[in-house]
Amino acid sequence: MKAQRDEYGMYDPIPDADALHRCFHGDVRRDEVTLIQLLVGRSDAHLRNVFHAYIQRYQRRIEDAIKKELNGDLQRGLLA
């Protein structure tokens, strides 16, 4: 994987939390491209805010969603 991570960007975490949720529960279930882009393209600080917003909005940790909805190499890679 090659990431073009913006290490300094801070954005509103709510749209990213909602986008992650749609990756698992939207009309097109498991939008893996969006999922990967979000998780590898955002700064660590921003992702911490996104994960906190995800818990607040959906009462579930993103790690738990990944474990439930994905498997194999994709699951292991995203959890790493």
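## Exercises on a five-helix model

Gln59 is exposed, having a relative accessible area of 64%. Keep in mind as you work that this is a predicted model.

### Exercise 1: A residue in a loop

Task: Find where Gln59 sits, and work out what stands out about its backbone.

Solution.

Step 1. Start with the label "exposed": the cut-off is over 50% relative accessible area, and Gln59 has 64%, so it counts as exposed.

Step 2. Now place it. Gln59 belongs to the loop between H3 and H4, just after H3.

Step 3. Check the backbone angle. Gln59 has a positive phi of about 50°. Most residues other than glycine have a negative phi. Gln59 is not a glycine, and yet its phi is positive.

### Exercise 2: The overall plan

Task: Describe the fold in terms of helices and strands, then say how much of the protein is buried.

Solution.

Step 1. Go through the elements: you should get five helices and zero strands.

Step 2. Write them in sequence order, and the pattern reads α-α-α-α-α.

Step 3. Turn to burial. The protein has 80 residues, and 34% of them count as buried.

Step 4. Look at who touches whom. Take the contacts between residues at least 6 apart in sequence: 67% of these join residues at least 24 apart.

### Exercise 3: Two helices that pack

Task: Work out how H1 and H2 pack, and which residues make the contact.

Solution.

Step 1. Find the helices: H1 covers residues 13–25 and H2 covers residues 32–41.

Step 2. Get the geometry. The angle between them is about 145°, and their axes are 9 Å apart. Their crossing is left-handed.

Step 3. List the players. H1 brings Asp16, Ala19, Leu20, Cys23 and Phe24, while H2 brings Thr34, Leu35, Leu38 and Leu39.

Step 4. Sort them by type, and you'll find seven nonpolar residues, one polar and one charged.

### Exercise 4: Zooming in on Asp16 and Leu38

Task: Decide whether Asp16 and Leu38 are buried or exposed, and trace their contacts.

Solution.

Step 1. Take Asp16, which is in helix H1. Buried means under 20% relative accessible area; Asp16 has 9%, so it is buried.

Step 2. Skip the neighbours within four places in sequence. Asp16 then has contacts with Leu38, Arg42, His46 and Val50.

Step 3. Do likewise for Leu38, which is in helix H2. Its relative accessibility is 7%, so Leu38 is buried too.

Step 4. Again leaving out neighbours within four places, Leu38 touches Asp16, Ala19, Leu20 and Leu47.

Step 5. Try a distance as well: Leu38 and Val50 are 12 residues apart in sequence, and their C-alpha atoms are 9.9 Å apart in space.

Step 6. Widen the view to the whole of H2. Its buried residues are Leu35, Leu38, Leu39 and Gly41, and they pack against H1, H3, H4 and helix H5 (72–79).

### Exercise 5: The two sides of H3

Task: Compare the span of H3 with the expected one, then explain why its buried residues line one face.

Solution.

Step 1. H3 runs over residues 44–58, which makes 15 residues. From first C-alpha to last, H3 reaches 21 Å, close to the 21 Å expected at 1.5 Å a residue.

Step 2. Pick out the buried residues of H3: His46, Leu47, Val50, Ala53 and Tyr54.

Step 3. Look down the axis of H3. The buried residues fall within an arc of 120°, so they line one face of the helix.

Step 4. Check the other side of H3, where Arg48 and Gln56 are exposed.

Step 5. Ask what the buried residues of H3 pack against: H1, H2 and helix H4 (62–69).

### Exercise 6: Far along the chain

Task: For Pro15 and Leu74, find the C-alpha distance to a partner 38 residues away along the chain.

Solution.

Step 1. Pro15 lies in helix H1. With a relative accessible area of 43%, Pro15 is partly exposed.

Step 2. Its partner here is Ala53, and the two C-alpha atoms are separated by 9.5 Å.

Step 3. Leu74 is in helix H5. From Leu74 to Ile36, the C-alpha separation is 9.2 Å.

Step 4. Finish with contacts: neighbours within four places aside, Leu74 touches Glu32 and Ile36.

Methods
Residues numbered from 1 in each chain as written. Predicted model: local features only at pLDDT ≥ 70, side-chain atom pairs only at ≥ 80, totals over all residues. Heavy atoms only, no water. Axes fitted to C-alpha atoms, helices over the stretch in contact; angles between N-to-C directions. Helix = DSSP H or I, 4+ residues; strand = E, 2+ residues; numbered from the N terminus. Left-handed = near helix turned anticlockwise from the far one by under 90°. Contact = heavy atoms within 4.5 Å. Nonpolar A, V, L, I, M, F, W, Y, C, P; charged D, E, K, R; others polar. Expected span 1.5 Å × (residues − 1). Buried < 20%, exposed > 50% of the residue type's maximum accessible area, 1.4 Å probe, protein only. Arc of directions from axis to C-beta.
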